[in-house]
Structure formats: structure tokens, C-alpha cells
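Work through the following exercises with the structure in view, and try each task before you read its solution.

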2 protein chains.
Amino acid sequence: MLAPTRLEVSGERLSATYLLIGDPADAPRRAEAICIEQTIEFPADLVPDDDIRGHVLGRVEGAEPVGDDATRVRISYAVETTGFELPQLLNVLFGNTSLQPGVRLVDLSLPDSLLERFPGPRFGIPGLREMFRASHRPLLATATKPMGLSADDFARMAGALALGGIDMIKDDHGLADQPFAPFVDRVQRCAEAVRAAAERTGHPTIYMPSINASHDRLDERVRVAIDAGAGGLLVLPGLTGIDHMRYLAASTGLPIMAHPALLGSFVSAGQGGVDHGVLFGTLMRLAGADSSIFPTYGGRFSLPKEACRRIAAACVVPLGGLRPCFPTPSGGMTMDRVGEMIEFYGRDVILLIGGDLHRGDDLTATVAAFRESVEV
Amino acid sequence: MLAPTRLEVSGERLSATYLLIGDPADAPRRAEAICIEQTIEFPADLVPDDDIRGHVLGRVEGAEPVGDDATRVRISYAVETTGFELPQLLNVLFGNTSLQPGVRLVDLSLPDSLLERFPGPRFGIPGLREMFRASHRPLLATATKPMGLSADDFARMAGALALGGIDMIKDDHGLADQPFAPFVDRVQRCAEAVRAAAERTGHPTIYMPSINASHDRLDERVRVAIDAGAGGLLVLPGLTGIDHMRYLAASTGLPIMAHPALLGSFVSAGQGGVDHGVLFGTLMRLAGADSSIFPTYGGRFSLPKEACRRIAAACVVPLGGLRPCFPTPSGGMTMDRVGEMIEFYGRDVILLIGGDLHRGDDLTATVAAFRESVEV
């Protein structure tokens with residue numbers, strides 16, 4: 001019934017590497033099944049067209065055993081299968097395969113023809129270093145907490161934090177538009193307090209409100225933030241969609257800090273899921289994050305050191321023309337771990353300390369000490 | 001420094017039940033940590049305000065051991081912490097906790113004051129039954145495949161499928177805006193072919209294009225779909241954001257079919273993640289899905305039978321005033337399993353068969369046989 005088509009394909013391919021957990025003898029069959037699942041999702045013997053089999057169907061490019069119970073397979077896909085949009089790129093890489101047991105996405109390689117469609121971080125490490133006139137030291141960030149304070153309280157807190165000379169003050173990731181401190185009121189007051197403090201200190205501290213909203217209120221929240229003079233945005237791609245972050249990076253001109261809320265299941269999925277470095281490094285960067293927050297080892301979240309190392313590496317490794325993004329370890333960071341963090345992550349890092357800055361009587365003095373601890 | 005606030009809280013609380021894997025002796029400490037993590041994310045001893053401790057902080061409502069190595073704990077949160085928006089509701093339920101090892105979200109209970117904010121499925125089971133004049137039989141769905149065909153090919157295929165008297169024809173979930181069959185062209189032709197066929201058969205078959213697009217192209221795709229006369233929408237909340245689906249259900253007036261792409265890691269996360277029934281039942285329904293596609297047991301994806309049973313139950317269990325949603329088992333469904341599927345899922349089900357309908361020479365005749373097989 002179907003006439004053969006003439007496909008116009010460039011020949012450019014992206015590739016994904018999957019770790020298949022299970023008997024290596026099954027790996028060839030499983031790899032072929034992924035080639036189908038992620039593209040045509042149709043019985044291969046019924047495909048009416050050699051061009052589709054030859055160009056649209058995924059292609060196994062290599063396989064190697066990893067120990068006795070796993071196989072690393074690399075599969076390539078025509079770039080055209082992605083339609084050159086981020087949601088469909090993720091769909092090709094891991095859409096249905098995420099539903100199969102024992103398949104973990106551990107690496108990906110994108111050709112320049114695809115990377116060109118994703119400008120990535122607008123600032124990245126060089127841009128934020130320039131913004132904060134900090135050529136070598138780690139950048140410093142904190143959050144306004146706890147939920148339940150009023151907008152006035154948050155503004156006073158943000159002002160005190162800014163007076164200490166910190167670089168970035170973000171909303172706590174749980175702040176949205178709660179009645180305790182409604183978004184408009186909170187953002188306007190916090191932005192004003194931080195602006196006033198920055199004028200006094202001479203340091204260009206920025207306030208980054210959290211854009212965590214219903215789909216139809218996202219644009220309005222961003223407009224309020226920009227009008228209020230917010231210097232950057234906190235974005236939660238697990239809640240509002242990863243491509244919304246790309247859109248904000250491309251359209252607002254503000255630095256973007258990505259928060260990992262709700263994304264934990266991807267990395268912690270025992271024998272499935274997505275590698276930490278791919279998710280919190282490569283994909284966040286592809287989606288325009290200038291800073292990628294992740295839970296560091298040794299904090300409240302028990303991420304393995306090796307996973308943290310892979311995230312930090314993926315944030316800065318060459319990736320087409322995309323700028324490197326700041327790894328931003330968090331989740332129970334304390335003042336007494338600053339030295340250890342720098343030793344582990346290097347100086348191209350944003351140190352994000354929340355609650356621990358509030359120990360002691362003088363918030364501004366504590367922040368000043370934090371800043372002093374990282375000056376060369 | 002911080003003045004005590006006067007919190008206005010209604011006293012209404014939602015609750016989440018988590019399965020904590022690990023030594024039950026650690027469970028009380030871990031449960032208290034979740035109460036903090038999901039709300040104030042701040043050292044409890046530094047919270048300046050009794051009202052915040054009393055009302056904003058999560059509260060352990062109960063705990064019971066499950067075997068020797070797990071504990072089921074129920075934690076309640078003030079409804080105000082959600083800001084009455086879906087992304088922040090998910091954040092409260094599982095945002096940071098998703099990043100902690102061995103914490104699985106297994107149940108949730110939402111008070112009417114919160115459920116009222118989420119109208120849920122616009123059609124649900126009763127609405128779709130009325131639409132397709134099918135008071136008792138399972139509804140039938142299929143997809144246009146494979147990627148690589150032209151818009152003309154897809155339209156011819158959609159027309160042939162519709163002539164067989166099927167209820168719903170969706171785009172394959174991998175179709176976006178690829179050059180092989182660009183969205184506008186494909187949707188206009190398929191909608192027209194299905195409309196013409198429905199006029200001939202007298203059965204109100206609908207075509208459901210896939211709204212899988214960059215954030216800034218979502219509205220345009222929806223407009224094209226509506227203008228073309230699409231009768232429903234396929235939505236991929238894992239790719240475009242779960243609240244975007246709620247928005248489409250609330251704003252378009254069209255039936256919504258939810259596809260699970262990229263959501264697999266949530267349910268398959270070994271000792272973490274989200275229960276199948278909560279994700280593919282409760283949450284999809286809360287976000288307005290009239291039909292929730294999930295990979296059935298015994299297909300290509302190996303979901304356990306018990307998980308499928310929980311999804312089907314969560315789709316129809318009383319949930320405030322929300323309509324029940326059609327469980328839509330899929331992923332390698334075949335004609336010879338129709339009887340088995342009805343026996344397992346009952347008749348309140350959408351049977352979604354893709355590739356298997358294309359075995360044989362006459363697509364329309366195969367669909368007619370599919371339809372006949374479910375008539376009472």
C-alpha cells in the first residue's frame with residue numbers, strides 16, 4: 001500500500017552509548033531492539049522502504065562486554081530523527097528505552113550540525129567570571145530560606161547576604177508562589193534589597209528568583225523577574241521541562257542556574273536511568289545552564305565521589321562550540337568543607353551554601369568570611 | 001534578625017507515603033529529614049519561628065515496618081506549601097527526595113481543597129465513551145508508523161485505519177517535526193484523511209497529533225492541530241513537562257492521551273522512584289490525561305503484572321471529583337492478546353495496537369476485525 005519514499009538525509013549521525021545489564025549473549029538482540037524502539041517502533045520486516053531501514057532505523061556501531069553481566073553498546077541515529085529540537089532529541093536518546101529494564105544511557109556524542117542548533121550556556125564559566133570580576137576564585141552562591149518567611153523577611157535576608165559580598169543569591173528551590181511570600185512581592189523586594197546592597201558594596205551580587213510555575217504562568221513570572229531587576233534565574237527543569245530552560249537561556253539574556261529537583265530518579269535508577277555526567281553535565285549544558293546544581297558526595301544525598309567527578313568533567317569538557325558550565329555542588333555544603341570542595345572540584349566551581357551560613361549571629365559577617373576563604 | 005511571622009494556613013494537609021529501604025532503626029531519623037528536605041530545607045534548630053516549625057515543616061503521621069529492610073512512612077504537608085500549582089506540588093512530594101537513595105513515593109492523598117484546583121480529565125471514561133458512542137466495549141487506538149514515511153504516506157495510512165472503524169489514531173510518539181514528514185503538512189493531511197474516512201463510515205474516528213516540540217513552538221503546534229481539525233492530542237509529559245499537559249487539557253477542549261516517553265526511570269528506579277500507579281495513574285489523571293499509555297506486562301517492556309494492576313486501579317479509583325481516565329496498555333500489543341487484555345484490565349480500557357495491525361494485506365480489514373473482536 002505504501003509507496004517507497006525518497007529520504008533526504010544528510011548522513012550526519014548522533015550516537016548514544018548504553019550499558020545493557022544482563023547476559024552478554026542477549027546483548028546483540030537487545031541492541032537491535034533499541035535501534036527499532038527509538039526510531040521506527042515498527043516490526044522491521046514490515047518496513048516498506050529500504051531507505052527507512054538504511055537511514056532512519058538506529059544502527060549498532062559497536063559493542064563491548066563490561067565484566068560478566070553487562071555490555072556497552074553504541075548506537076547511532078540520523079540527526080534528522082531529532083527534528084533538531086531538544087525534547088525529540090531526548091526522545092531518540094532515551095524515550096521508550098527508559099521504560100526497558102537494565103538499559104542505562106551512559107554517554108552521547110552529537111555532531112556539530114546538531115550542536116549548532118543549541119547555543120548552550122549564554123555566559124558559562126567565562127561569562128560569569130567576567131560578570132563577577134572573579135578571574136580565578138570559585139564563585140559563591142546561597143539561597144534565601146526557609147519557606148514560611150514573609151517577603152519582607154526574605155528581602156532583609158537577601159540584603160544581609162548581599163552585603164557580605166556573595167555573588168549569587170537564589171530563591172530556595174521550594175519557593176514558588178506560596179501565600180507566605182507571594183512571588184511578585186517576594187521577587188520585587190528581594191531584587192530591590194540586593195540591588196541596594198550591591199550599590200553599597202560595589203560588588204555586582206545578583207538575585208536569582210525561582211521560575212517554578214504552572215505552564216501558563218511561566219512567561220508572567222519571568223517578566224516580573226526581569227522587570228524587578230533580577231540578575232539571573234533559578235530554573236527547575238525536572239518540574240517545568242528541560243526545553244523551557246533552553247528557551248529561557250536563549251530568550252532572557254540572564255544567567256541560568258539549573259536545580260535538580262525531581263531528576264534524582266534518572267540517576268539513581270539501579271540498573272537503568274541516565275549517567276550522572278550525561279544528565280547533570282552534558283544535558284544541562286545543552287539546555288543552556290550556566291550553573292548546574294547537583295548533590296555533592298558527603299552531603300545529605302550520598303552521591304558517589306566518582307559520579308560527582310563525572311558531572312564536573314562533563315560540565316567543562318569540549319562540546320562543539322558550547323561554553324563550559326559551572327559545576328555547582330550542593331546539598332548540605334558547609335563552611336568547613338570549602339577547602340575540601342576546592343581540592344576536589346578545582347576552582348572552576350560555584351560553591352553553594354545554604355543553611356550553614358545562618359549559624360552565628362551576623363549573617364553579613366559570615367558571608368564575608370565565606371568570600372574571604374576563597375580569595376587567592 | 002528575623003521577625004516572627006504570622007502564618008495564615010488553612011490547616012488542610014496533603015500526605016505522601018514513602019517506602020524507605022534500609023534498616024528500620026534509621027527510619028525515624030530519615031522521615032524527619034524528609035519533613036525538612038521537602039519544605040524548609042533549613043537546619044530545624046535555626047528556624048526563627050514556631051509557626052514555621054508547626055505549620056510549614058512536614059509532619060510524620062505514621063510509620064510501619066515492611067519486612068526487615070523497609071519502612072512505610074506517611075508524611076503530611078500544608079497544602080499552602082504547593083502554592084496550588086502542579087510543578088510545586090511535585091516538588092513538595094518528591095523534588096529533593098528523588099535525589100536520596102532508597103526513598104520511593106508509593107502513595108499520596110490530596111484534600112479536596114487542593115484537588116479542586118486540578119479539574120483533571122475533561123472527558124475521562126464517560127466523556128470518551130460518549131464521544132465514540134461506545135457504552136461498554138473497550139475503545140480502540142493505533143498509531144501511524146514508521147518514522148521516515150512522507151506526510152502523504154501517513155495520510156493514506158490514517159485514512160485506511162479510519163475506514164476500519166477504529167476510535168483513535170495517534171501519531172507515533174517519535175513523530176515531531178522531522179524533514180521526512182514535517183508537522184504542519186503531516187497533521188493537515190492526516191486530519192483531512194481521517195475526517196473524510198469518518199464521514200464515509202459514520203464512526204467519529206479522531207486523529208491525535210503528537211505535541212512534541214520546543215517550548216516556544218508548543219502553542220503554534222497546538223494551533224495548527226486545532227485548525228486542521230485534529231480530534232485530540234498526544235502529549236508526552238516526560239518531554240514537554242507534566243504541567244503543559246494540564247494546560248492543554250484545560251485550554252484546548254480536546255481529549256488528551258498521555259505517552260510515557262522518558263518517564264521509565266521514575267518507575268524502574270530500583271529502590272527509589274515513584275510507584276507505577278502513582279505516576280501513570282494518579283499523576284497523569286491529575287494532569288488531565290483522558291487516557292494514560294503505559295507498557296503492559298508481557299509486551300516489549302516487561303512491566304510486572306502487579307504494577308499494571310496498580311496503574312489500572314489508580315486510573316479509576318475515586319479521586320475528589322476527577323473523572324476516571326482510561327488505562328491504555330501498550331508496547332507490543334497484538335491482535336491475539338485482545339481477549340487476554342480484556343480479561344486482565346476489564347472493558348474500561350483503551351486497547352492500543354501499533355505495528356501488529358500492519359500484518360496482512362488489507363489494513364482496513366484488519367482494523368475492522370480488531371473492532372469486531374471487542375463488540376459485545
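**Exercise 1: A helix in chain B**

Task: Describe helix 6 of chain B by its length, its span and its cover.

Solution: Helix 6 of chain B, residues 151–163, has 13 residues, and from its first C-alpha to its last it reaches 18 Å, which is close to the 18 Å expected at 1.5 Å a residue. The expected span is 1.5 Å times one less than the number of residues, and helices (H or I, at least four residues) and strands (E, at least two) are DSSP runs numbered from the N terminus. Turning to cover, 10 of the 13 residues of this helix are buried, where buried means under 20% relative accessible area, exposed means over 50%, and partly exposed lies in between (1.4 Å probe, protein chains only). Among the buried residues are B:Phe154, B:Met157 and B:Leu161.

The model is predicted, so local features need pLDDT of at least 70 and side-chain atom pairs count only at pLDDT 80 or more, whereas totals for chains, interfaces and linings use all residues. Residues are numbered from 1 along each chain as its sequence is written, chains are lettered from A and ligands numbered from 1 in the order in which they are written, and side-chain values use heavy atoms, with hydrogens and water left out.

**Exercise 2: Salt bridges between chains**

Task: Which residue of chain A meets B:Arg300 in a salt bridge, and where do the two partners lie?

Solution: A salt bridge is a side-chain nitrogen of Lys or Arg within 4 Å of a carboxyl oxygen of Asp or Glu, and the side chains of B:Arg300 and A:Glu37 meet in one at 2.7 Å, N to O. B:Arg300 lies in the loop between strand 10 (291–295) and helix 13 (305–316) of chain B, while A:Glu37 lies in helix 1 of chain A, so the pair joins two chains. B:Arg300 is partly exposed at 35% relative accessibility, whereas A:Glu37 is buried at 3%. Both residues belong to a network of salt bridges that also links A:Glu41, B:Lys145 and B:Asp172.

Task: Find how B:Asp216 and A:Arg246 are joined.

Solution: These residues form a salt bridge whose closest N and O atoms are 2.9 Å apart. B:Asp216 lies in the loop between strand 7 (206–208) and helix 8 (218–228) of chain B, and A:Arg246 in helix 10 (residues 242–252) of chain A, so this pair joins two chains. B:Asp216 is partly exposed, with a relative accessible area of 44%, whereas A:Arg246 is buried at 14% relative accessibility.
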